[in-house]
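Thank you for making time this morning. I would like to walk through one model with you, going from its cores to a helix pair and then to the second chain.

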Amino acid sequence: MTAQARAHQAQPKVRTTAARALADELVAQGVTHIFGHPGGAALPLYDALHGSPIRHLLMRHEQGAAHAAQGYARATGRPGVCLATSGPGATNLVTGLADAMLDSTPVVALTAQVATSLLGRDGFQEADIVGMTQGITKHNWLVLEPEDVAATVRYAFRIAAMGRPGPVLVDVPRDVLQGEVASEGPYDDPANIADGPRRADAVSLRRAAFAISNARRPVLYVGGGVISSGASAEVRRLAHKTRIPVTTTLMGKGAFPETDPLSLGMLGMHGTAYANWAMHESDLIIALGARFDDRITGKLATFAPHAKIVHLDIDPVEIGKIRKADYPLHGDAKTVLRQLLPLVGAPHTNGWHDRIAAWKAEAPLHYEQTGDVILPQFAIETLWKMTRDRRPIVTTDVGQHQMWAAQFWKCDEPNTFITSGGLGTMGFGLPAAIGVQCGMPDRLVINLNGDGSFQQTMQAMATAVEENLPIKVIVLDNQNLGMVRQWQDLFYERRFFAVELKNPDFAKLAEAFGAAAFRVNRPEELVPAYEAALAVNDRPALVHVRTDGNENCYPMWPAGQSIDTMVVSCPRKKKS
Amino acid sequence: MQETYEIKAKDAPGLLARVESLFRRQRAPIRSFFFEGCEGGPVARLVLVAEADEERSNLLQKQLLRLEDVIEVVRSRDAAAIAQSEFTLEEKTA
């Protein structure tokens, strides 16, 4: 508990309302920021938050509130909190909660509900948000007794953070918020009620260690679970001790330094060719906090046909869900890797490294910036080179720019690449950057965005300006829904439909919000514009970069197909 | 293939919906179903007979155990156990 929380809690308690008890509980849980939008049913809680030490950010749409809470959680490792009123306020949270569920992000969503006398009677702004979110939360509650409100919220924080993290939702009717409760007793420190990390059993560990030590073509396949567990240092130690090459998923970016010679970069549909070839030829895949998503495996029947699988995960549901685990390890990644490290020896992998080096030489990530039209890869890599020494935290949105960012934005530390992985939610990036900047006020926060995705939640810019958040928003404007266009290009015989965007002037738009804004139309204008944006410290800065609308993202393989269908680079460019 | 799932869980609001939702998403149709609160406590017992192959059934068991309110899941593919479950259901609901 923070000193501020203790001071707030130490104030004399009398009989109070459930809303005030809830607000006190949030302080006790160490909440520093709430991302929310008020409304009628939520007013008792907003009134209770008046004068609270918690900073409330007034988001302009509840989807943005949920994404901001995700950004906060992913950057800090602590649960993010979003708040909405009943009915449409609550339903607007749904996309963000589904996103948090698929990406295992600890988010506590608080929703107000209509008064209990109206429940089930189609009252104004009534929606069964508990029913709607049952499948996209770890757990949720409709609290009907004022005395249960604070305790339920306390429990909700525990559930969100323990084991495999995820979102929870607490729905409280307006009259319950207004109900009187006895003053609360001593608060439990959340650190004292959290479960201890889970260890793997000794027999499974010895079997996995033997398999690793005797592999010939092993690959470490590292996912977001490693970052959630805080196990990046252990992965580094394991890789360096065994000299096993490492590939990361989109969610695992940063779990292992991508500038390390052992790194294969990201794998999967738009991953590096050499990471995918290594997985295909591997005789032992060591999956750490990863879940064999279909964007990784492609056609499952032909995925990694020669490989045995070591699968370590905190969630037993994931082990064997998609691919049978020959060596299952159920436990917390950090804890289990610490158990495993003394048991493993370095396998004989010299020939394997030679083969991988040849693949890296044969098919590196590649683009050619020539002429006056800016390639998005060039815009991304230029900014990465300019800022890498400042340890920026980057958020992305979803689409082509996200995949190019995954390829060309090299991450060397965890919690610095924050993106929507499982759900692929357009509109994630800008509000997530707001959450990140709140949680990490001293870090450089960059949002890489696309023109289509920026327009899904761009109203969050008003909040960023209001709060003087110095986030840098890079809008890569190719005047298209680029990834959809790419699929129409490659798989629908170039019948382009519903993908072309007649965009506003994003720089003027940003200025209208009160942000600093810069325009880039030619390659040589990039660096000066980035420099100017990086120099802005008192408000957001947006850089509107016009990019090539015809550029496609490679490597790529078609959804559900095997790796031998992978197209490493643009076939049309090769022909020319 | 039919299988019986005997589930011990906290008797909390939404429990039935959460359990049913998992079977629906796994395309494992529920053929019969029984629910009772246990004597003197907040623990409920659910007995379901559903159609699921071995792989889906394994996954369902793990997903059921992941639910916050579920305490224990016992599965049986034994025909006698299924018949006994159905007999119990008929007896209880008669």
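**Cores, a helix pair and chain B**

Leaving aside residues up to four places away in sequence, Leu22(A) touches Leu45(A), Ala48(A), Val149(A), Ala150(A) and Val153(A). Please keep in mind that this is a predicted model. Leu22(A) also belongs to the largest nonpolar core, which has 182 residues, and it is listed there with Cys82(A), Val235(A) and Val310(A) as having the most contacts inside that core. Separate from this there is a second core, made up of 16 residues, and among them are Ile7(B), Val19(B), Leu60(B) and Leu67(B).

Let me turn to the helix pair in chain A. Helix H14(A), covering residues 273-281, packs against helix H17(A), covering residues 350-362, at an angle of about 145 degrees, and their axes are 9 Å apart; the crossing of the two is right-handed. On the H14(A) side the residues that meet the partner helix are Ala273(A), Tyr274(A), Trp277(A) and Ala278(A), while H17(A) contributes Ile356(A), Trp359(A) and Lys360(A). Sorted by class, this contact comprises 6 nonpolar residues, no polar ones and 1 charged residue.

Finally, how are the elements of chain B ordered along the sequence? Chain B contains 3 helices and 4 strands, and they follow one another in the pattern β-α-β-β-α-β-α. Of the 94 residues in chain B, 24% are buried, and if we take the contacts in this chain with a separation of 6 or more, 71% of them join residues 24 or more positions apart.

How values were computed: Residues are numbered from 1 along each chain as its sequence is written. Chains are lettered from A and ligands numbered from 1 in the order in which they are written. This is a predicted model: local features need pLDDT of at least 70, side-chain atom pairs count only at pLDDT 80 or more; totals for chains, interfaces and linings use all residues. A nonpolar core is a set of buried Ala, Val, Leu, Ile, Met, Phe, Trp, Tyr and Cys residues joined through C-beta atoms within 7 Å. A residue is buried if 20 or more other C-beta atoms lie within 10 Å of its own, exposed if 12 or fewer, and partly exposed in between; C-beta atoms are placed from the backbone. Two residues are in contact if their C-beta atoms, placed from the backbone, lie within 7 Å. Axes are lines fitted to C-alpha atoms, for helices over the stretch in contact, and angles run from 0 to 180 degrees between N-to-C directions. A crossing is left-handed if the near helix is turned anticlockwise from the far one by less than a right angle, and right-handed if clockwise. Ala, Val, Leu, Ile, Met, Phe, Trp, Tyr, Cys and Pro count as nonpolar, Asp, Glu, Lys and Arg as charged, and the others, Gly among them, as polar.
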